[in-house]
Amino acid sequence: MANNEKTSAESWRAATQLVHGGTTRSPFGETSEALYLTQGFVYSGAEAAEARFNGEDPGFVYSRYANPTVAMFEDRIKMLEGAEAARATASGMAAVNLALMASVKAGDHVVAAKALFGSCRYICETLLPRFGVESTLVDGTDIEQWKSAVKPNTKALFLESPTNPTLEIIDIAAVAEIAKTVGARLIVDNVFATPLYQSPLKLGADVVVYSATKHIDGQGRCLGGVVLSDEEWITDEVMPFVKHTGPHMSPFSAWVLLKGLETLPLRVARQSENARQAADFLAEQAAVAKLIYPGRDDHPQADVAKRQMTGGSTMVAFEMSGGKDAAFRFVNALNLIRISNNLGDAKSLITHPATTTHQSIGEEARAELGISDGILRFSVGLEDPLDLLEDIERALAAV
Ligand SMILES: *Cc1c(COP(=O)(O)O)cnc(C)c1O
């Protein structure tokens with residue numbers, strides 16, 4: 001298989017890497033990435049099979065281990081992230097679970113920020129303790145809480161920034177320093193920031209995870225995830241877990257997500273610009289009690305955002321003055337912006353976290369995270385911003 005593009009790929013700029021990075025071509029010389037929808041691979045002889053299995057020949061063995069289309073996706077995103085190695089997974093949750101499972105064993109301890117995507121919180125709070133791994137949840141924006149939570153047996157620190165749904169910003173470099181003091185691995189879920197607006201590895205994190213379901217696909221089609229880190233850890237800890245437990249990405253999803261990566265910078269830039277316009281508009285409305293947008297100077301952690309992010313966000317959070325009633329009336333009056341719990345999509349989507357994504361954590365946990373009954377999470381899409389503003393204006397009038 002000819003790979004005539006890798007020689008200069010490392011020096012390309014991000015947008016170029018996202019179009020060409022990692023591409024390998026079959027002898028047919030196809031323009032687009034080939035979809036290798038195959039479970040296994042055949043060998044030219046018994047000796048060739050032996051060489052594959054003992055590692056003398058680095059070729060493919062079985063798609064649970066690796067697959068050429070999935071490898072193209074891994075190589076492309078690895079380049080963008082500036083990571084040594086990547087493993088793609090079936091979903092974002094498979095990636096988070098993989099990163100944590102590859103970091104801990106019974107008797108270890110994990111510290112995580114409280115403001116986590118619901119299922120990530122379930123792994124830390126409920127699943128890990130079941131296997132003898134203790135976990136402590138802290139207010140991620142309070143660096144002192146991270147400091148006092150770490151212990152000699154702390155093996156992983158875990159956070160997302162900006163957080164879901166209230167878009168808090170956690171100081172990644174400061175948490176990375178704390179991880180180093182106890183030799184723990186800092187895992188950052190970088191979904192909300194996207195690989196374009198935040199580079200956790202450069203800020204001192206050890207592992208970055210994505211739900212590729214969100215901005216990387218960005219068009220509502222398939223689930224996917226990826227874990228990025230150093231070569232040694234991926235080879236020694238992540239690969240055996242993947243090989244023997246099977247959370248790998250399907251070649252079909254990898255193919256869709258490769259095409260998603262090609263247009264990622266265009267979509268994220270346009271969606272963030274639309275989000276900023278929506279945020280600025282919502283901030284001026286009497287019915288909106290609070291507006292949270294990482295690109296605005298009135299964000300509670302605006303200084304940290306400026307330090308560690310190179311762009312705003314495609315997400316806006318805001319609180320309606322009239323609580324749940326007003327939030328429901330507003331959402332029901334929208335007719336372009338759709339009610340859905342997904343995010344990062346070309347279509348603008350809105351959700352009421354207290355009754356959907358964050359219903360199961362309970363009222364007390366929601367109060368701690370600032371998820372009041374009036375809070376709405378708005379994922380801003382690729383529509384004409386004027387149509388979005390008109391939809392919002394019309395719905396506000398109905399409240
Ligand atoms: C969606 C999401 C996940 C889970 O990803 P799936 O692809 O849905 O499994 C994890 N973390 C964050 C921040 C997310 O937004």
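This section describes salt bridges, a charged surface patch, helix burial and capping, side-chain to backbone contacts, and unusual backbone geometry in a predicted model.

Side chains of opposite charge can pair when their charged atoms come close. Over the whole structure, the search returned 20 salt bridges. One of them joins K147 to E144, with an N to O distance of 3.5 Å. Both residues belong to helix α7, which spans residues 143–149, and they are three residues apart, about one turn of the helix. K147 is classed as partly exposed because its relative accessibility is 46%, a value between the limits of 20% and 50%.

A salt bridge with the spacing of about one turn of the helix is also found in helix α12 (residues 251–283), where E262 and K259 are three residues apart. The closest N and O atoms of E262 and K259 are separated by 3.1 Å. E262 has a relative accessibility of 23% and therefore counts as partly exposed. K259, at 28%, is likewise assigned to the partly exposed class. The pair is part of a network of salt bridges that links E33, R76, K259 and E262.

Helix α12 also contributes D280, whose side chain meets that of R296 in a salt bridge with an N to O distance of 2.7 Å. This pair connects distant parts of the chain, since D280 is in helix α12 whereas R296 is in the loop between β8 (288–292) and α13 (302–308); the two residues are 16 apart. The partners fall on either side of the burial limit of 20%. D280 has a relative accessible area of 30%, so D280 is partly exposed. R296 has a relative accessible area of 15% and is therefore buried.

Charged residues also form a surface patch. E84, E231, E232, D236 and E237 make up a negative patch. Among them, E231 is located in helix α11, which covers residues 231–245. The relative accessibility of E231 is 42%, so E231 is counted as partly exposed.

Helix α5, comprising residues 92–101, is mostly covered, with seven of its 10 residues buried. The buried positions are G92, A94, A95, V96, L98, A99 and L100. The N-terminal end of α5 is capped by S91, which places a side-chain oxygen 3.4 Å from the backbone nitrogen of M93.

A further set of side-chain to backbone contacts involves D391. This residue lies in helix α16 (residues 385–398). D391 counts as buried because its relative accessibility is 0%. A polar atom of the D391 side chain is 2.9 Å from the backbone nitrogen of N335. The backbone nitrogen of I337 is likewise found 2.9 Å from a polar atom of the D391 side chain.

Most residues other than glycine have a negative phi, and most peptide bonds are trans. Several positions in the model depart from these patterns, as detailed below for cis peptide bonds and positive phi angles. In the loop between β4 (154–160) and α8 (172–182), which contains P162, the peptide bond joining S161 and P162 is cis, with omega about -10 degrees. P165 is also placed in the loop between β4 and α8. The bond from N164 to P165 is cis as well, and its omega is near 0 degrees.

L167 is a further residue of the loop between β4 and α8. Although L167 is not a glycine, its phi is positive, at about 55 degrees. With a relative accessible area of 0%, L167 is classed as buried. The loop thus holds the two prolines P162 and P165 together with L167.

A positive phi is also found at T194, with a value of about 70 degrees, although T194 is not a glycine. T194 belongs to helix α9, which runs over residues 194–197. Its relative accessible area is 2%, and T194 is therefore buried.

Definitions and conventions. Residues are numbered from 1 along each chain as its sequence is written. This is a predicted model: local features need pLDDT of at least 70, side-chain atom pairs count only at pLDDT 80 or more; totals for chains, interfaces and linings use all residues. Side-chain values use heavy atoms; hydrogens and water are left out. Patches are made of residues with over 30% relative accessible area and no salt bridge: like charges are joined within 9 Å, nonpolar side chains (Val, Leu, Ile, Met, Phe, Trp, Tyr) within 5 Å. Accessible areas come from the Shrake-Rupley method with a 1.4 Å probe; for residues, only the protein chains shown count as cover. A salt bridge is a side-chain nitrogen of Lys or Arg within 4 Å of a carboxyl oxygen of Asp or Glu. Lys and Arg count as positive and Asp and Glu as negative; His and the chain ends are not counted. The place of a charge is taken as NZ of Lys, CZ of Arg, CG of Asp or CD of Glu. Helices (H or I, at least four residues) and strands (E, at least two) are DSSP runs, numbered from the N terminus. Buried means under 20% relative accessible area, exposed over 50%, partly exposed in between (1.4 Å probe, protein chains only). A polar contact is a pair of N or O atoms within 3.5 Å; within protein, one must be able to donate a hydrogen and the other to accept it, and residues adjacent in sequence count only if both atoms are side-chain atoms.
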